[in-house]
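Biologist: I should like a close examination of one part of the model shown here, with the surroundings of that part described in the same reply.

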Amino acid sequence: MVRRKVFTDLKKRIVNLKLLFIQDALVNAGAERSHLEILSRFSDQLDVTLVYFYPKHELKAEYEKSGIRLIFLDIPESHTLVCVPTDQ
């Protein structure tokens with residue numbers, strides 16, 4: 001009986017748990033695919049949200065199908081390489 005009460009109390013705490021994950025884009029690559037696999041296995045009682053920045057949406061439909069809430073920030077993808085001369 002004590003074990004059942006502890007489990008019930010734990011389930012009540014999980015209901016209010018919110019998880020936020022951040023990654024750069026939803027491209028069909030290793031890390032993004034792994035995040036999809038992992039996040040889709042969390043309990044429906046958890047509030048899981050994934051924030052991504054760049055307009056690459058290859059896996060968007062799969063994330064949405066898995067019930068993962070997405071927030072897209074639409075940051076233009078531009079990388080500037082800055083070279084600083086050094087004394088040799």
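With which residue does Asp 47 form a salt bridge, and how far apart are the closest N and O atoms?

Modeller: This is a predicted model, in which local features need pLDDT of at least 70 and side-chain atom pairs count only at pLDDT 80 or more, whereas totals for chains, interfaces and linings use all residues. Residues are numbered from 1 along each chain as its sequence is written, and side-chain values use heavy atoms, with hydrogens and water left out.

Asp 47 forms a salt bridge with Arg 69, and the closest N and O atoms are 2.8 Å apart; the term requires a side-chain nitrogen of Lys or Arg within 4 Å of a carboxyl oxygen of Asp or Glu. Because Asp 47 lies in strand S2 and Arg 69 in strand S3 (residues 69-72), the pair ties together parts that are 22 residues apart in sequence. Strands (E, at least two residues) and helices (H or I, at least four) are DSSP runs, numbered from the N terminus. Asp 47 has 22% relative accessibility and counts as partly exposed, as does Arg 69 at 44%; buried means under 20% relative accessible area, exposed over 50% and partly exposed in between, with a 1.4 Å probe and protein chains only.

The two strands that hold this pair also meet through the backbone. S2 and S3 pair in the parallel sense over four bridges, where pairing requires that DSSP finds at least two bridges between two strands. Leu 50 has Leu 70 in S3 as its bridge partner. The wider arrangement is an open sheet of three strands in the order S1-S2-S3, with parallel pairing. S1 and S3 are the edge strands, each pairing on one side only. From one strand to the next, the twist averages 20°, with axes being lines fitted to C-alpha atoms (for helices, over the stretch in contact) and angles running from 0 to 180 degrees between N-to-C directions.

S2 also takes part in the interior. The largest nonpolar core has ten residues, including Val 48, Leu 50, Tyr 52 and Leu 26; such a core is a set of buried Ala, Val, Leu, Ile, Met, Phe, Trp, Tyr and Cys residues joined through side-chain atoms within 4.5 Å. Helix H2 (30-39) and strand S2 (47-52) each supply at least two residues of this core, and S2 gives the most, with three. In soluble globular proteins, nonpolar side chains tend to be buried together. Leu 26, beyond its neighbours within four places in sequence, is in contact with residues that include Leu 50, Tyr 52, Leu 59, Tyr 63 and Leu 70, contact meaning heavy atoms within 4.5 Å.

The structure holds three salt bridges. Another of them joins Arg 33 and Glu 62, whose closest N and O atoms are 2.9 Å apart. This pair links distant parts of the chain, with Arg 33 in helix H2 and Glu 62 in helix H3 (residues 60-65), 29 residues apart. Arg 33 is partly exposed at 28% relative accessibility, and Glu 62 is partly exposed at 34%. In the salt bridge between Glu 37 and Arg 41, the closest N and O atoms lie 3.1 Å apart. Glu 37 is partly exposed, with 37% relative accessibility, whereas Arg 41 is exposed, with a relative accessible area of 66%.
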